[in-house]
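Work through the exercises below with the structure in view. Try each task before reading its solution.

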Amino acid sequence: MVHHALPEEAPSRPWFPRDPYARFALVSCAAAAAAVALLGVTLLGGLEPADARTGSQPPETELDNGRYKITPIGAAVAEGDFATEVQVRVDIENSDSDPIPFFDIGSTSQLTLQPGGTELTSPSLRFLRYPSRDVIDLQPHMPEEALLAWAVENPGDLDGAAEVLLTVHKAEKIQGSGGTEPLWVRGDKVVGSVLMPLGEG
C-alpha cells in the first residue's frame, strides 16, 4: 500500500508587511483613502453644524420626507392680505408619481417660533411665479420656488421671536374607510429641522 505524504502547510503570513517601506506605503494609502472619504462626507453636507439647542440644520438644507423634498431658504414676518404672516421661502418638489394635495404638506410640517416654541398651524403655499394665488396641488417632479405662509392669529406671539424652526416629519399613509381616498398624516419619525433667523418682509 502506498502512503501519500500530506503537503506541508504553508506558513501563515502576517497581514502587516515587515518591510518598513511597504508599511509606510500601506499607512499612506489608508490615510489617503480616509481623507477622500472625509472630503466626500463634507461635500455632501454630512458635517454641517447642527444647532446645539434644537439639533437643527442651517438654512438651505434639503429635507426629504418620502413624498416631497423641501429646502427652507429663509423666513420673514410680512403683512398678508388678511393677517400678519410668517413666510418661509422654500424650494419644493413633489417626488411622488401623483399630485400631492397641499393639505398633506401642511400636515407633515411644523413651524414653531423661537424662543418660546409657539406652534403656528394651517399654512398656505404660493409659488413665487404666482405669488397671489394659493396652491391646491403640488404636481409630480416639478421643482418650484415657493412661500409657505402661516397666519399669526395673535400678533403678541411674535414678541421676542427671533427665529423659526421648520420641522418635517415622515409621511405615513392611512387607508380610508368605505372606499375613500387614503390619507397622509404626520408620522412619528422626524426627517429633520431647519432653524432660520426671522427677518422682516
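**Exercise 1. Find how strand 2 and strand 11 pair, and name a bridge partner of alanine 76.**

Solution.
- Step 1: This is a predicted model. In it, strand 2 and strand 11 run parallel to each other.
- Step 2: Three bridges hold this pairing.
- Step 3: Take alanine 76. Its bridge partner in strand 11 is glycine 199.

**Exercise 2. Determine the sense in which strand 10 and strand 11 run, and how many bridges join them.**

Solution.
- Step 1: Strand 10 and strand 11 are antiparallel.
- Step 2: The number of bridges between them is 11.
- Step 3: One of the bridges can be located by residue: isoleucine 174 is partnered by leucine 183 in strand 11.
- Step 4: Strand 11 thus appears in a parallel pairing with strand 2 and an antiparallel one with strand 10.

**Exercise 3. Write down the order of helices and strands along the chain.**

Solution.
- Step 1: Count the elements. There are two helices and 11 strands.
- Step 2: Read along the sequence. The pattern is α-β-β-β-β-α-β-β-β-β-β-β-β.
- Step 3: Look at the contacts between residues at least 6 apart in sequence. Of these, 63% join residues at least 24 apart.

**Exercise 4. Describe the largest nonpolar core and say which elements build it.**

Solution.
- Step 1: The core has 31 residues.
- Step 2: The residues with the most contacts inside it are Ile70, Val86, Ile92, Leu111, Leu125, Val164 and Leu198.
- Step 3: Now list the elements that give two or more residues. They are strand 2 (68-79), strand 3 (84-94), helix 2 (102-107), strand 5 (109-114), strand 7 (124-127), strand 9 (144-151), strand 10 (163-174) and strand 11 (183-200).
- Step 4: Zoom in on valine 164. Beyond four places in sequence, valine 164 touches Ala75, Val86, Leu111, Thr112, Leu113, Val194, Leu195, Met196 and Leu198.
- Step 5: Set this beside a general tendency: in soluble globular proteins, nonpolar side chains tend to be buried together.
- Step 6: Check the whole chain. Buried residues are 33% of its 201 residues. The chain exposes about 13,000 Å², and carbon and sulfur atoms supply 57% of that area.

**Exercise 5. Explain which parts of the chain the salt bridge between aspartate 104 and arginine 67 ties together.**

Solution.
- Step 1: The closest N and O atoms of aspartate 104 and arginine 67 are 2.8 Å apart.
- Step 2: Aspartate 104 sits in helix 2, and arginine 67 in the loop between strand 1 (63-64) and strand 2, so the bridge ties together parts 37 residues apart in sequence.
- Step 3: Buried or exposed? Both aspartate 104 and arginine 67 are buried.
- Step 4: Widen the view. Arg67, Asp96 and Asp104 form a network of salt bridges. The whole structure has seven salt bridges.

**Exercise 6. Examine two salt bridges made by glutamates of strand 9, and classify each residue by burial.**

Solution.
- Step 1: Glutamate 145 meets arginine 89 in a salt bridge, 3.5 Å from N to O. Glutamate 145 is in strand 9 and arginine 89 in strand 3, 56 residues apart.
- Step 2: Buried means under 20% relative accessible area, and exposed means over 50%. Glutamate 145, at 44%, is therefore partly exposed. Arginine 89, at 29%, is partly exposed too.
- Step 3: Glutamate 144 forms a salt bridge with arginine 129, with the closest N and O atoms 2.6 Å apart. Glutamate 144 is in strand 9, and arginine 129 is in the loop between strand 7 and strand 8 (137-138), 15 residues away.
- Step 4: Apply the cut-offs again. Glutamate 144 has 10% relative accessibility, so it is buried. Arginine 129 has 47%, so it is partly exposed.

**Exercise 7. Place serine 193 and work out its surroundings.**

Solution.
- Step 1: Serine 193 lies in strand 11.
- Step 2: Its relative accessible area is 10%, so serine 193 is buried.
- Step 3: The side chain of serine 193 makes a polar contact with the side chain of threonine 167, at 2.9 Å.
- Step 4: Leaving aside neighbours within four places in sequence, serine 193 contacts Ser56, Gln57, Leu63, Leu165, Leu166 and Thr167.

Terms used:
Residues are numbered from 1 along each chain as its sequence is written. This is a predicted model: local features need pLDDT of at least 70, side-chain atom pairs count only at pLDDT 80 or more; totals for chains, interfaces and linings use all residues. Side-chain values use heavy atoms; hydrogens and water are left out. A nonpolar core is a set of buried Ala, Val, Leu, Ile, Met, Phe, Trp, Tyr and Cys residues joined through side-chain atoms within 4.5 Å. Buried means under 20% relative accessible area, exposed over 50%, partly exposed in between (1.4 Å probe, protein chains only). Helices (H or I, at least four residues) and strands (E, at least two) are DSSP runs, numbered from the N terminus. Contact means heavy atoms within 4.5 Å. Accessible areas come from the Shrake-Rupley method with a 1.4 Å probe; for residues, only the protein chains shown count as cover. Two strands pair if DSSP finds at least two bridges between them. A salt bridge is a side-chain nitrogen of Lys or Arg within 4 Å of a carboxyl oxygen of Asp or Glu. A polar contact is a pair of N or O atoms within 3.5 Å; within protein, one must be able to donate a hydrogen and the other to accept it, and residues adjacent in sequence count only if both atoms are side-chain atoms.
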